[in-house]
Every structure is written in C-alpha cells, then in structure tokens.
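Visitor: I would like a close look at the side-chain contacts in one part of this model. Please take the charged pairs and the rings in turn.

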There are 2 protein chains.
Amino acid sequence: MARPTKKQQQANLPEIIKDAAWRQISEAGASSLSLRGIARELGITAPAIYNYFPDRDALVTALISDAYASFGDRQLDAMNSVPGPGRELDRLRATGLAYRAWALDHPHRYMLIFGNPVPGYVPPMQELMPVMMRSISALTGTIGELYALGMIDPQAIPLPQVENSQGFCDTMAKGDETTLTVLSIAMLIWSRVHGLVSLEITGKLPPYASDGAALYEFELDSVARQFIRLPQNAPDTAP
Amino acid sequence: MARPTKKQQQANLPEIIKDAAWRQISEAGASSLSLRGIARELGITAPAIYNYFPDRDALVTALISDAYASFGDRQLDAMNSVPGPGRELDRLRATGLAYRAWALDHPHRYMLIFGNPVPGYVPPMQELMPVMMRSISALTGTIGELYALGMIDPQAIPLPQVENSQGFCDTMAKGDETTLTVLSIAMLIWSRVHGLVSLEITGKLPPYASDGAALYEFELDSVARQFIRLPQNAPDTAP
DNA sequence: TTATTAAATTTACAGTGTAAATATACAACG
DNA sequence: CGTTGTATATTTACACTGTAAATTTAATAA
C-alpha cells in the first residue's frame, strides 16, 4: 500500500518535519539529527521527506534559516524595547543582554548557527545572507546611531578590506569608511559576546557554571568602556 | 588468513593510527572521521583498531589529548621566549600571538579542542584535565606574575564560585581569592581571543579574510589596556 | 614441542543517507 | 462517469558507518 488515505494529512508537512527535527535536536543534540528518526517520529518512511527537502543538508539549512529568524526577532525586539533618542547606550546594552538570553534559551539553535555541529555540512552563505544580515542589523544599527552622535571613541580601528568580503557587505559597505568602521566595531563586539556565550553554552567555563550572568555583564560593561565615549558638546574648548 | 606475517609490523601502531586520523581530519574535516576510512588507508580491517582504542570516542580523546599537548607546547614556548623579570607584558603578548598562530597552523586541531565538531562525542573532562590545565598554564602563570607585581588593574572582577567548579580548579584555586582572580582574568582573556580566533578560523569573519592579524592585534592591545596598569611605586603619594 | 597469548581476520548486525522503481490518492479533463 | 496526470507516499536496494562475536593465526613462553 503506497500513500495511505488522507486520514490526517497535515497541510504544512514541511513545518511539521522541522518541528520534529528541532525536538530531536533538543533531546539528542544537533549532530545526531537523523532523517529516519524524524520519519519514525512522524509515522512516515524516510524517503518521504525527500518530497519536501531534497537532502538532509537542505533541511539543516532550513533549520538554520529559521534559527536566524528567531535570533533576529529577539535582537530587534530588544532594540525596539528601548526606543527614542538619547537612550542609544541602553539600547546597545539591551541587544547585548538579549544575545545571551536567546542563546541560553536555545543553546542548540545557537550552536547550529554559530558553531560547527553538523557533520560534513557547510552552510550556503549566499542563501543565508539575508536572514543573517537582518539578525545583526540590531547591533550594526545601534552602533551606527552611536557613531552618528559622536559617541564612538575614535580609535584606530582596523577596517575590513572590501575586496575580500565574499559578498558579505556588498550592499551595506561599498567603500564607505563610516559604514566600514561601524561594521568593524560590530564584528569586534560580536566576537566578544560570542566568545563568552559559546564557552558558557558548551560548558567550557566550568567554574562559573551557574553564574555566567555576572561575567557576561562585566564583559558588556567592558565593551562599552572600550568603544563608547560621552558626547562632547564643545570639543574645541578642551585645552 | 588471520593476522598476516610480521612483514612490516610497525611497532607503534597507535601512533600510526592517530597520524592517519589527523591526515583524514585535515582533508575531510573532523566530523567525517571514520574508523573504516583509517583502516582502509592503513591496509587493515576496521575492527583491528579496536585492539588499540576501545571505541571511536577513545581515539578522538587521544587526538584531543595530543592536540592539547601541541597547543600547550606552543604556549609555553612563547612564554619562555620572553624570559626574565620586567618583561611580563611582552610575555603576555607573546602567548596571545602564539594562540592565534597555533590555531591558524592547526585549525582542525583547534576546532577539535575548542569546538564541537565530532557528532555525539562528549570529552571526558576528568581524563583531559591535566593536559588541559598545562595548556592554559602559560596564560595563568603570566597573569599571576603581573598580579604579583601589582600590574593588574583592581577592577571588581566577578569571581567563580568554587562549589560549582566540577573538578576544574580543585587543585589550583581552593578558596584562595588571589588565585581565583587570576583564573577569572585568564578566563575573560581566553574568551576574547577564542571568540575572535574561532570566528576567523571557521570563516565567519568574511570581510577580514586575509587580514585577521590586524584585528587580532587590535584586540590584544585592547585586552592589555583593560586589565593592565603600569606598576605604581608610590601609590600613597597620589592625592 | 606444546600451550598460551596477542593481534588480526571474517562475519554479522543495526544504524545512517539516499537513489530508483513502484503504487496509490487526488484533481482535472474528456 | 471514466480516464489520465501528477503529487505523494511506499517498497526495495545500495553503500556506508560503528561495533560485537567468533575465529584463525603469528609470536612467545613453558
């Protein structure tokens, strides 16, 4: 008997498949994701999934895309939770706190995006670029605001070489030095929160096990101290 | 025919197996490491490997242990390359530069240690603890020297809760606040270099592709600026 | 020489992703 | 209504993985 009767033919099967995949990832880790396991859970045979995803990598890419969307939502929510002018610093801190909060809420999604957890899978950057750019737009946007207000400490920040950016910032930073500076600072900040959060999530920061929050907030303060200066209304009057 | 004649019975077969594993990892990535693949390369059947490693995880653990040793060697070499008193800051920077240099030389070993690349494998911390502690001893040692010289900026650094340290610092930091501070700073510094290096190695810092060095040295300077102060010989004379 | 041990073999099993051929339910058209 | 077409599943099959068990042989010790 091929193709059973439409007993309860769930309309949006791709979503159901992804849900099962997430459940499986949450329980057994992202690396032991199995098409057959998903099929088993859904009472379906494995090759049936191939009608919705050409291969396992396509499913993983769809999961990553969704994870980026979820991550980006939280980042933008955090940014929008501190609206209005004059509160740019609080806005930056809110996105910083939201970064760790989302990672702790969804450690497997975090590792799926920013880690290397799926064997032999290389993410198709070109396909993921839009949702990836959106997810960091909260950070780059807020940094951009601070820069426009003259609140970025004018250090000699190394700028990226645009010719090397493999389609990464073709749209957002073509030669514009301001944008490049903003992007550079965002990268430096990102690498710092990523360093701490990824170590915490993978349990490689043992002594702090239950109090990574204190260390993380210390790091956020340190980030602000490094890059931010208070706006100087009359910079020329200084000696 | 079982067990072929001792034609060229390489004495140290475990080492040869590990070499083949490294070669395979370098070519196809750590996630696609295969006992059968190793056996094929060595002209041997797969179960033969079980005489030297009880299972695949044991082989991975051995690889990780060796990687830690190699990493620790480079860290200690860097530390020892700037000997003598009065050069503690240069010593710190040397270990920092050696960190990235080793990671770029052995990206797969780096990801094997500090990443999550092998499906379903969880490292046996207890077994790896000694070689792991040794590998970070260059950093903690130098930080300790700077601390003893009063060159550590006395910030309110969050301390780890020893009761949470799952055997991590049982020997090195039992309640001693000085040691805990040093360990804390080492963790913060580690998370920063790890953040930058892991992003660079996994190609997630696209715009800087060929010039991660500049960004990294900027970060090292920033680290030093945050934690280090020049020694004050007469601190009480200040107003 | 004989017995023992160590190291490799063959065989087998359960699991994986995926390609190919096949069968059926459903929708549209004559 | 009957026929056809297509989407969606199934079954079957293949190559691959790690690993357990039994077996066979080379090297060593008694």
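Which residues of chain A are linked with Lys18(A) in a network of salt bridges?

Guide: Lys18(A) is linked with Glu15(A) and Asp66(A) in that network. The model is a predicted one, and over all its chains there are 22 salt bridges. Side chains of opposite charge can pair when their charged atoms come close.

Two further salt bridges of chain A involve helix α4. The first joins Arg91(A) to Glu145(A), with N and O 2.9 Å apart. Arg91(A) belongs to helix α4 (residues 88–105) and Glu145(A) to helix α6 (residues 125–148), so this pair links distant parts of the chain, 54 residues apart. Arg91(A) has a relative accessible area of 5% and is therefore buried, the limit being under 20%. Glu145(A), at 32%, is partly exposed.

The second joins Arg93(A) to Glu217(A), and here the closest N and O atoms are 3.6 Å apart. That value is within the 4 Å allowed for a salt bridge. Because Glu217(A) lies in helix α8 (residues 212–227) and Arg93(A) in helix α4, the pair ties together parts that are 124 residues apart in sequence. Both residues fall in the partly exposed class: Glu217(A) has a relative accessible area of 36%, and Arg93(A) has 27%.

In chain B, Asp105(B) and Arg74(B) meet through their side chains in a salt bridge, at 3.0 Å from N to O. Asp105(B) is in helix α4 (residues 88–105) of chain B and Arg74(B) in helix α3 (residues 56–80) of chain B, so the bridge ties together parts 31 residues apart in sequence. Asp105(B) is partly exposed, with a relative accessible area of 48%. Arg74(B) is also partly exposed, at 26%.

Charge also meets rings in this model. In chain A, the charged end of Arg109(A) sits over the ring of Trp22(A), 4.4 Å from the ring centre. In chain B, Arg109(B) lies over the face of Trp22(B), with 4.4 Å to the ring centre.

Turning to the rings themselves, there are 16 aromatic pairs over all chains. One of them is formed by Phe71(A) and Phe114(A): the ring centres are 5.7 Å apart and the planes stand at 85°, so the pair is edge-to-face. Phe71(A) is in helix α3 (residues 56–80) of chain A and Phe114(A) in helix α5 (residues 107–114) of chain A, and this pair links distant parts of the chain, 43 residues apart. Phe71(A) is buried, with 2% relative accessible area. Phe114(A) is buried as well, at 8%. These two residues belong to one aromatic cluster, together with Tyr68(A), Tyr99(A), Trp102(A), Tyr110(A) and Trp190(A).

His194(A) touches several members of that cluster, among them Tyr99(A), Tyr110(A) and Phe114(A). His194(A) lies in helix α7 (residues 177–201) of chain A and is buried, with a relative accessible area of 4%. With Tyr110(A), the side chain of His194(A) makes a polar contact to the side chain at 2.8 Å. Leaving aside residues up to four places away in sequence, His194(A) also touches Leu199(A) and, in chain B, Gly195(B), Ser198(B) and Leu199(B).

Notes:
Residues are numbered from 1 along each chain as its sequence is written. Chains are lettered from A and ligands numbered from 1 in the order in which they are written. This is a predicted model: local features need pLDDT of at least 70, side-chain atom pairs count only at pLDDT 80 or more; totals for chains, interfaces and linings use all residues. Side-chain values use heavy atoms; hydrogens and water are left out. Rings of Phe, Tyr and Trp (its six-membered ring) pair if their centres lie within 6.5 Å; planes under 30 degrees apart count as stacked, over 60 as edge-to-face and the rest as tilted. Helices (H or I, at least four residues) and strands (E, at least two) are DSSP runs, numbered from the N terminus. Buried means under 20% relative accessible area, exposed over 50%, partly exposed in between (1.4 Å probe, protein chains only). A charge sits over a ring if NZ of Lys or CZ of Arg is within 6 Å of the ring centre and within 35 degrees of the ring normal. A polar contact is a pair of N or O atoms within 3.5 Å; within protein, one must be able to donate a hydrogen and the other to accept it, and residues adjacent in sequence count only if both atoms are side-chain atoms. Contact means heavy atoms within 4.5 Å.
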